[in-house]
Structure formats: structure tokens, C-alpha cells
Amino acid sequence: MKTQTIAKDLPACPVETTLSLIGNKWKVLILRDLLPGTKRFGELKNSIGGVSQKVLTAQLRDMEENGLVNRKVYAEVPPKVEYSLTDLGYSLKPILDALQNWGEEYKASMKHEPSDAV
């Protein structure tokens, strides 16, 4: 069973487990952009910006294998593919909210710091 294999291979530390699943820039941005709802590949690529098609494809496949993202293919020519978060993927929303809040607080604190420039 795939779940047993995955569970066996996961790190003992829960923080390390989370980081192994979403611990890179692209995966966090994919999650951020799928939180509001379903997107097609091109929409994701444009909204994320700076990511190559190859890297985005690899990240989406990895997230799909880990149960965070759903991939729906429509039988059309050209093929239409949509991505959305699974319930498990959506359960990461509080983590992303915390990252956003921390980033906003950090930016605000940097505006008030005295400059070291001479």
C-alpha cells in the first residue's frame, strides 16, 4: 500500500515532514495560488512567474503524488488540465496564513528600522 510506504519514509520530526512536502519556494507559491480555487496550468505559470514549465510540472506532479493537489484532465484537443487543492492540501491554509502574516509584520518592521547607510 502506497500510504504505508510514504509513512515509513517520512522523517520522525513533524516539522521536517512538513518541510519535505512544501519546503520550497515553488510549492508554497502553488499552494498560495490554488487556495482561492481551481486553475489551469497556464494560469498557474503566469500567476507564479519566474518558474519554468519543467519545474512547475515537476512540482505539481510531486504535490499530486503526495496527495496535496488534484489534477483533472479533460478529453479535449488540445487537452485541458486543471489543478486544485485536495482537502489535505487545503488544510495547509493556516500555515500559509501564518507565513503571510509574518511576512507583513517583517516588512512593516523593516520600514521602521534606522538605516545603516552613511
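Which residue in β3 does Val-73 stand opposite? That would be Val-81. The model here is a predicted one, and the protein in it has 7 helices and 3 strands. Read from the N terminus, the elements go α-α-α-β-α-α-β-β-α-α. Here's a quick tour, starting with the whole chain, then the sheet, then the helices.

**The overall picture**
- The protein has 118 residues, and 25% of them are buried.
- Take the contacts with a separation of 6 or more: 44% of those come from residues 24 or more positions apart.
- The accessible surface adds up to about 8,400 Å², with carbon and sulfur atoms holding 56% of that.

**The sheet**
- The 3 strands make an open sheet, ordered β1-β3-β2, with antiparallel pairing.
- The edges of that sheet belong to β1 (39–40) and β2; each has a single partner strand, so one side of each has no neighbour in the sheet.
- As general background, strands in a sheet pair through backbone hydrogen bonds, and the pairing can be parallel or antiparallel.
- β3 is a well-covered strand: 5 of its 6 residues are buried, so the rest of the structure largely encloses it.

**β2 with β3**
- Strand β2 covers residues 69–74 and strand β3 covers residues 80–85; the two pair in the antiparallel sense over 6 bridges.
- Together β2 and β3 form a hairpin, and 5 residues sit between them.
- For landmarks along this pairing, look at Val-73 opposite Val-81 of β3, and at Asn-70, whose bridge partner in β3 is Ser-84.
- The loop between β2 and β3 is where you'll find Pro-78.
- Pro-78 is joined to Val-77 by a cis peptide bond, with omega at about -5°.

**β1 with β3**
- β1 and β3 also run antiparallel, and 2 bridges join them.
- Lys-39 has Tyr-83 of β3 as its bridge partner.
- Arg-40 stands opposite Glu-82 in β3.

**α3 and what it meets**
- Helix α3 (residues 25–34) turns up in several places: for a start, it lies across β1, β2 and β3, running at about 95° to β3.
- α3 also meets helix α5 (residues 53–65): their axes come within 10 Å and cross at roughly 75°. That crossing angle makes α3 roughly perpendicular to α5.
- On the α3 side, that contact uses Trp-26, Lys-27, Ile-30 and Leu-31, while α5 brings Val-55, Leu-56, Gln-59, Leu-60, Asp-62 and Met-63.
- Sorted by class, the residues in the contact of α3 with α5 are 7 nonpolar, 1 polar and 2 charged.

**α2 against α3**
- What about helix α2 (residues 14–22): at roughly what angle does its axis cross that of α3? The answer is roughly 80°, and the two axes come within 7 Å. So α2 is roughly perpendicular to α3.
- The residues that meet here are Ser-20, Leu-21 and Ile-22 from α2 and Lys-27, Val-28 and Leu-31 from α3.
- The class split for the contact of α2 with α3 is 4 nonpolar, 1 polar and 1 charged.
- Lys-27 and Leu-31 are worth finding on screen: they are among the α3 residues in the contact with α5, and they also meet α2.

Definitions and conventions: Residues are numbered from 1 along each chain as its sequence is written. This is a predicted model: local features need pLDDT of at least 70, side-chain atom pairs count only at pLDDT 80 or more; totals for chains, interfaces and linings use all residues. Side-chain values use heavy atoms; hydrogens and water are left out. Axes are lines fitted to C-alpha atoms, for helices over the stretch in contact, and angles run from 0 to 180 degrees between N-to-C directions. Helices (H or I, at least four residues) and strands (E, at least two) are DSSP runs, numbered from the N terminus. Angles under 35 degrees count as roughly parallel, over 145 as roughly antiparallel, 65 to 115 as roughly perpendicular and the rest as oblique. Contact means heavy atoms within 4.5 Å. Ala, Val, Leu, Ile, Met, Phe, Trp, Tyr, Cys and Pro count as nonpolar, Asp, Glu, Lys and Arg as charged, and the others, Gly among them, as polar. Buried means under 20% relative accessible area, exposed over 50%, partly exposed in between (1.4 Å probe, protein chains only). Accessible areas come from the Shrake-Rupley method with a 1.4 Å probe; for residues, only the protein chains shown count as cover. Two strands pair if DSSP finds at least two bridges between them.
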